[in-house]
Each structure stands twice: as structure tokens, then as C-alpha cells.
Amino acid sequence: MSDLYLKIVNTPVGKTAAQSLGLPAPVPLKRLKRVDQPFLEGDVLIGAAAGGKAIATLGGIVGASAATLHHASGVDSLKDSSRAGNKAKALELNQDLSLRLSALVFDATGIKSPDDLRALYDFFHPTIKKLGGNARVLVIGQDPATCRKAPQAAAQRALEGFVRSVGKEIGKKGSTANLLWMAPGAEKQLNSSVRFFLSVRSAYVSGQVVRIAKGTEAPTSNPVAPLTGKVALVTGASRGIGASIARTLARDGATVVGLDIPPAMEELRKVTDGIKGKALACDITDKAAPKLIADYLEEHFKGVDLVIHNAGITRDKTLGNMPEHFWDMTIAVNLSAEELIDEELMNRELLHGNGRIVCISSISGIAGNFGQTNYSTAKSGVIGYVEAMARHAKNGITINAVAPGFIETQMTAAMPITIREAGRRMNSLSQGGQPIDVAETIAWYCNPASNGVNGNIVRVCGQSLIGR
Ligand code: NAD
């Protein structure tokens with residue numbers, strides 16, 4: 001689907017008109033061009049508060065890709081001198097008029113009290129204006145749930161407000177800001193998440209907070225095709241976000257079973273044939289669907305590694321005007337069916353160890369939406385389901401959700417124009433996302449190295465003004 005305003009506003013005449021009328025001027029977002037392109041290009045500044053535990057790991061991950069890596073504080077000098085070190089380095093870079101940074105990365109795990117929050121100001125204040133367009137801000141903190149003392153928990157929680165506000169300030173240049181809350185000792189689990197949030201793959205993900213737990217040792221995988229050898233089930237794969245998920249997981253090496261309702265078979269086959277996958281005709285709300293899917297996966301692949309519950313429908317009406325089948329269908333497709341499919345796969349032990357389940361919620365499930373009591377109920381239920389399942393996950397299996405905001409698909413193209421235009425612009429990046437933005441987020445969850453990422457709900461919404 002195309003966003004005409006985004007195109008017009010990026011012509012010289014359109015830019016001037018938008019400026020003089022005070023209209024939003026969204027910047028085209030950079031997305032992946034080649035799977036083997038470096039995850040980060042350009043100059044990066046990395047810093048840490050005193051006592052930061054992630055800085056060495058961050059230096060290793062980021063240093064391997066960045067053109068020039070500026071350390072605001074050396075790993076060895078992290079004790080008393082690091083705050084002064086941060087400040088001095090940040091001020092020195094501030095003097096360099098030609099410098100354009102592609103990312104600012106800050107290890108805030110050492111922050112133990114509200115006073116220590118000053119390290120954020122010292123690091124970011126002189127450098128934030130040095131960020132170019134489509135840049136990244138990434139802060140690593142310690143999960144407040146793991147902080148023993150209240151001042152430390154308060155200061156770590158404060159990072160959320162900081163990052164979300166930074167996201168709102170830099171979004172107009174197409175840049176994003178995100179926060180990773182790490183559990184103590186989870187440094188080894190940071191790799192795939194740092195790479196995702198610093199890369200163009202997370203173009204439409206901003207203002208998000210991700211919890212990273214200490215997992216088992218991450219298995220080494222092919223960096224260009226990390227899903228090699230994995231079998232993925234993608235429901236609703238004939239079009240829109242589902243088709244993009246299927247293609248992206250296949251790009252990353254997975255063998256994909258695309259599933260959709262029987263009338264969508266022709267479209268589905270176009271997708272699966274293009275990625276050497278399989279097409280499975282099934283209405284997931286049929287009573288027989290869980291068994292049919294499980295039988296198919298058992299017979300052809302002896303099970304499955306990645307289960308992506310993407311199929312979804314809307315049947316909008318205000319509550320008083322809503323026919324009962326609108327309610328029933330929406331809950332069945334968006335919520336009940338996925339629970340029943342997972343139950344069957346788990347009971348028959350068909351979901352392999354280190355497997356992944358990814359569900360699709362929605363910002364409607366977070367904030368509610370006019371005319372969508374049925375859909376919002378179902379999508380909130382998805383969040384509850386993911387959180388509950390994540391607590392009991394075993395064998396390295398993780399379960400997470402994405403909550404898309406406004407994504408350019410046939411579903412959103414069917415909206416009335418005024419609602420569609422509002423949906424597109426009401427976020428920090430002033431534009432809608434693309435199906436690939438949701439698909440890339442799912443590919444990050446599915447990466448074998450994301451084994452510490454469990455029970456998260458990440459919004460792919462350009463930091464929508466709606467909801468948290
Ligand atoms: P879409 O309508 O373009 O595609 C949905 C797919 O699901 C279709 O191929 C459809 O045939 C399939 N499907 C529907 N009912 C099914 C059933 N009973 N059994 C099997 N397949 C079925 O939608 P989309 O915009 O690509 O959305 C994909 C997912 O993302 C949905 O879960 C949706 O709720 C969610 N989402 C989308 C947006 C957005 O802005 N597009 C925003 C938030 C959430």
C-alpha cells in the first residue's frame with residue numbers, strides 16, 4: 001500500500017509546503033537492502049555509567065561493525081573516573097563539527113540511584129544533536145524486577161521515561177530509541193537484540209522496552225541465515241504481514257509451511273512457491289484444525305521449530321450494534337485458535353526444543369479502540385496468553401508477541417480515509433509501517449541467539465501516540 005503524502009512531502013516543493021504549513025514531514029525509513037549488509041554503518045559513540053556491566057560486551061558487538069567506534073569511557077577506567085570520562089569524550093566530540101553519528105549506545109546498568117541518572121545527561125546532552133537521520137539510540141539497563149534496593153529499581157525504571165522521550169525527540173529524523181533491560185549475568189544474551197535494535201531491521205520499532213533474561217549458552221548460527229534447518233508454521237500467510245513473515249523467515253534459512261483458508265490457496269501458493277515452502281489449506285477456527293496442522297507437521301517434518309500465529313480478522317461495530325457472530329469470529333480467529341493449536345503441538349511434543357512461538361497482538365489490544373471491543377479483547381488476551389505461557393516455558397522454548405500499530409496492508413487500506421490518515425501520522429515517525437517491519441521483529445525473536453528474550457510484547461508502531 002502506498003503513502004502518497006510521504007512521497008509528496010519528500011519532494012522539494014512538498015517539503016517547503018509542509019514546513020510553511022506546520023505539517024508533519026516524515027523521513028523515508030531505511031530498510032534492509034542486502035541480507036549480508038553490516039548491521040550498523042557509520043560512526044558510533046558508546047558510553048557507560050560507572051560500574052556498567054554490559055560495556056565490554058557492547059564494545060565487542062558494536063566494534064565489529066561500526067566504521068569508527070568512539071568509547072566515551074574505556075572498559076578499564078569504568079570505576080570512579082568514568083563519569084568524567086564520558087563527559088569529557090562527549091564534549092570533545094561535540095566540538096567536531098563534521099561528525100555525524102549513526103548510533104549512540106549507553107550502558108546504564110551501573111546506575112544505582114536517582115543521582116546517577118545524571119550520567120545520561122552528561123553522555124547524551126552534548127552528542128544527541130550529532131545524530132544523523134535514521135539513527136539509533138540504544139540504552140542497556142538492569143531489569144528493575146531484579147534490583148534489590150528501591151533507589152536502584154527507581155533509577156532503572158526511570159530509563160524507560162528517558163528513552164521514550166528521546167524517541168519522541170528524534171523520531172522526526174526517522175531515528176529510533178529503545179531500551180534493553182538485562183537480567184544480571186545476561187550479557188551473553190545481548191548479541192542478537194543489540195544487533196537488531198541498532199540495525200535498519202528495527203526501522204519502525206521505537207520507544208520499546210525489552211527484558212532479556214539469562215538463557216542457556218546461545219547456539220552459534222549462520223549470521224546470514226540463522227534459521228537454517230528450522231521449520232516454521234506461519235498462519236494467514238497468503239498476503240499482508242503473513243506473506244512478509246513467510247518470506248523473511250525463508251530468507252533467514254527456514255523451511256516455511258504457510259497456512260491460510262481454502263479460498264486463499266491461489267494467493268498462498270504464489271507466496272510458498274516463491275520461497276520453496278509448503279502451502280496448507282486450513283481454517284484455524286475449524287474444530288479439526290489443531291489435529292490437522294499437527295498431523296501435517298508430524299508427517300512432513302517430524303514437528304516444528306517456529307510457530308507464528310499471524311492470522312487475524314477485524315469485524316468492527318460499536319458494542320451495541322455488534323452482531324454476536326462478529327464477536328465470536330473475532331475471538332476465535334485472533335485468540336482461541338492459537339491456544340488450541342499450541343496445546344495440540346505441545347501435548348504431542350511436536351514443538352522442538354529451542355522452539356519459538358510468536359503471537360500477533362495489536363495496539364488496539366493495549367489501548368483499546370472505538371468500534372473494536374471484540375478485536376481489542378482478543379488482542380489483549382493474546383498478551384495475557386504470552387505472559388502466562390512464558391512463565392512456564394521449558395526446553396529453551398520462548399514465546400513473545402509483536403503488537404503492530406498502523407501497518408500498510410489490505411486490512412488498513414480498507415479503513416475510511418480519515419481514520420487511515422490519522423493512524424499513519426499519529427506516531428513519532430509520522431508514517432505507517434511496512435509488513436517487513438513486523439516480519440523483521442519476528443525474525444529477531446526467532447533467532448537462536450534470542451534465547452533470553454521471552455514473554456516480551458514489542459510494539460511495531462513507530463512509537464504510536466496511542467497506548468504506552
Ligand atoms: P490481512 O487481512 O491482510 O491478512 C490476514 C490473513 O489471515 C489473511 O490471509 C486471511 O485469509 C488469514 N485468515 C483470516 N482468518 C483465518 C482463518 N480462520 N484461518 C486461517 N487464516 C485466516 O491482515 P494483516 O494486516 O496482514 O494482519 C496480520 C496480523 O496482524 C493480524 O493478526 C492482524 O490482526 C495483525 N495486525 C495488523 C495491523 C495492521 O495495521 N495491518 C495492526 C495490528 C495488528
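The shell around the ligand is a good place to begin: by class, this shell has twelve nonpolar, twelve polar and three charged residues. Keep in mind as you look around that this is a predicted model.

**Around the ligand**

In all, 27 residues surround the ligand, and the closest are G236, G240, G312, T409 and M411. Two elements give two or more residues to this shell, namely α8 (240-251) and α14 (410-413).

**The annotated region**

An unreviewed UniProt entry lists residues 230-405 as "domain: Ketoreductase". Over residues 230-405, the chain is 47% helix and 22% strand. The C-alpha atoms at the two ends of this stretch are 28 Å apart.

**How the helices pack**

Three helix pairs are worth visiting next. Here are their angles and axis distances.

| Helix pair | Angle | Distance between axes |
|---|---|---|
| α8 and α16 (residues 435-446) | about 45° | 8 Å |
| α11 (residues 324-347) and α13 (residues 373-391) | about 15° | 8 Å |
| α10 (residues 289-301) and α11 | about 45° | 9 Å |

Let us start with α8, already met beside the ligand. With an angle of about 45° between them, α8 and α16 are oblique to each other. Their crossing is right-handed. On the α8 side, the residues in contact are G240, I241, S244, I245, T248 and L249. They meet P435, I436, V438, A439, E440, I442, A443 and C446 in α16. By class, this contact of α8 with α16 has ten nonpolar, three polar and one charged residues. G240 links two parts of the picture, since G240 is among the closest residues to the ligand and also takes part in the contact with α16.

Next comes the pair α11 and α13. How are these two helices oriented to each other? Their angle is about 15°, and angles under 35 degrees count as roughly parallel, so α11 and α13 are roughly parallel to each other. The crossing of α11 past α13 is right-handed. From α11, the contact draws on F326, W327, T330, I331, N334, L335 and E339. From α13 come N374, Y375, T377, A378, K379, G381, V382 and Y385. Sorted by class, the residues of this contact are eight nonpolar, five polar and two charged.

Helix α11 also packs with α10, at an angle of about 45°. These two helices, α10 and α11, are therefore oblique to each other. Here too there is a right-handed crossing, with α10 passing α11. The contact is formed by A289, P290, K291, I293 and A294 of α10, together with A337, L340, I341, E343, E344 and L345 of α11. Which classes of residue make up the contact of α10 with α11? There are eight nonpolar and three charged residues, and no polar ones.

Conventions. Residues are numbered from 1 along each chain as its sequence is written. This is a predicted model: local features need pLDDT of at least 70, side-chain atom pairs count only at pLDDT 80 or more; totals for chains, interfaces and linings use all residues. A residue is near a molecule or strand if its C-beta atom, placed from the backbone, lies within 6 Å of it. Helices (H or I, at least four residues) and strands (E, at least two) are DSSP runs, numbered from the N terminus. Ala, Val, Leu, Ile, Met, Phe, Trp, Tyr, Cys and Pro count as nonpolar, Asp, Glu, Lys and Arg as charged, and the others, Gly among them, as polar. UniProt positions are given in the numbering used here, feature names are shortened, and annotations may be inferred rather than shown by experiment. Axes are lines fitted to C-alpha atoms, for helices over the stretch in contact, and angles run from 0 to 180 degrees between N-to-C directions. Angles under 35 degrees count as roughly parallel, over 145 as roughly antiparallel, 65 to 115 as roughly perpendicular and the rest as oblique. A crossing is left-handed if the near helix is turned anticlockwise from the far one by less than a right angle, and right-handed if clockwise. Two residues are in contact if their C-beta atoms, placed from the backbone, lie within 7 Å.
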